[in-house]
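Trainee: Could you take me slowly through one part of this model, saying where its residues sit and what they touch? I would like a single connected account rather than a list.

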Amino acid sequence: PGAVGADVALHEARKGVRRVRYAAEAVAPALGGQAARFAARVEAVQDALGEHQDSVVARRALREIGVAAHLEGENAFTWGLLHGVERERAARARADFRRRWSKATRPKRTRWLT
């Protein structure tokens with residue numbers, strides 16, 4: 001999907017990961033340490049996706065502010081620079097998400113689910 005579609009998909013994934021985390025936390029007292037460790041790993045995945053979503057929201061706001069500044073005859077260059085910083089932040093968050101998800105879902109770490 002395009003950038004907007006990918007952003008929406010990652011936000012939806014964050015919501016799903018949050019449900020998985022809550023479920024793992026709920027069963028951890030009965031199932032023990034593996035469930036608790038899984039919940040912590042999934043929380044890290046959720047954090048990375050949250051960082052990405054924060055960047056999506058910030059970029060949207062920065063674009064709106066930059067357009068408004070331009071329409072008022074002001075220099076919008078700084079808003080564009082900040083938008084670029086946020087774009088890089090989102091890229092780092094996506095990479096962090098992929099890395100954390102890969103670690104959290106390794107078979108040896110999810111075997112307790114079966």
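Mentor: Let us begin with Arg 94, which has its place in helix H3, and keep in mind throughout that this is a predicted model. With a relative accessibility of 28%, Arg 94 counts as partly exposed, because that value falls between the 20% under which a residue is called buried and the 50% over which a residue is called exposed. Leaving aside neighbours within four places in sequence, Arg 94 is in contact with Leu 10 and His 52. Pro 107 is 13 residues from Arg 94 in sequence, and their C-alpha atoms are 22 Å apart in space.

The helix itself can be checked by its length: at 1.5 Å a residue, the 28 residues of H3 should span 40 Å, and the end C-alpha atoms of H3 are indeed 40 Å apart, so the two values agree.

Helix H3, which covers residues 77-104, also holds Trp 79, and Trp 79 is partly exposed, with a relative accessible area of 29%. Not counting residues up to four places away in sequence, Trp 79 touches Leu 62, Ile 65, Gly 66 and Ala 69. Between Trp 79 and Ala 35 there are 44 Å in space, C-alpha to C-alpha, and the two are 44 residues apart in sequence.

Asp 96 also has its place in helix H3, but here the accessibility is 17%, and Asp 96 therefore counts as buried, since the limit is 20%. The side chain of Asp 96 makes a polar contact with the side chain of Arg 99, at 2.4 Å.

Asp 96 belongs to a list of buried residues in H3 that runs Gly 84, Glu 86, Arg 89, Ala 90, Ala 93, Asp 96, Phe 97 and Ala 104. What covers these buried residues of H3 includes helix H1 (3-31), helix H2 (33-71) and helix H4 (107-110).

One residue of that list, Phe 97, leads on to the largest nonpolar core, which has 14 residues and in which Val 17, Phe 38, Val 45, Leu 49 and Phe 97 touch the most other members. The elements that give two or more residues to this core are H1, H2 and H3, and H2 gives the most, with seven residues. In soluble globular proteins, nonpolar side chains tend to be buried together. Val 17, taken on its own and without its neighbours within four places in sequence, is in contact with Val 42, Val 45, Gln 46, Leu 49 and Trp 101.

How values were computed: Residues numbered from 1 in each chain as written. Predicted model: local features only at pLDDT ≥ 70, side-chain atom pairs only at ≥ 80, totals over all residues. Heavy atoms only, no water. Helix = DSSP H or I, 4+ residues; strand = E, 2+ residues; numbered from the N terminus. Buried < 20%, exposed > 50% of the residue type's maximum accessible area, 1.4 Å probe, protein only. Contact = heavy atoms within 4.5 Å. Polar contact = N/O pair within 3.5 Å; in protein donor to acceptor, adjacent residues only side chain to side chain. Expected span 1.5 Å × (residues − 1). Core = buried A, V, L, I, M, F, W, Y, C linked by side-chain atoms within 4.5 Å.
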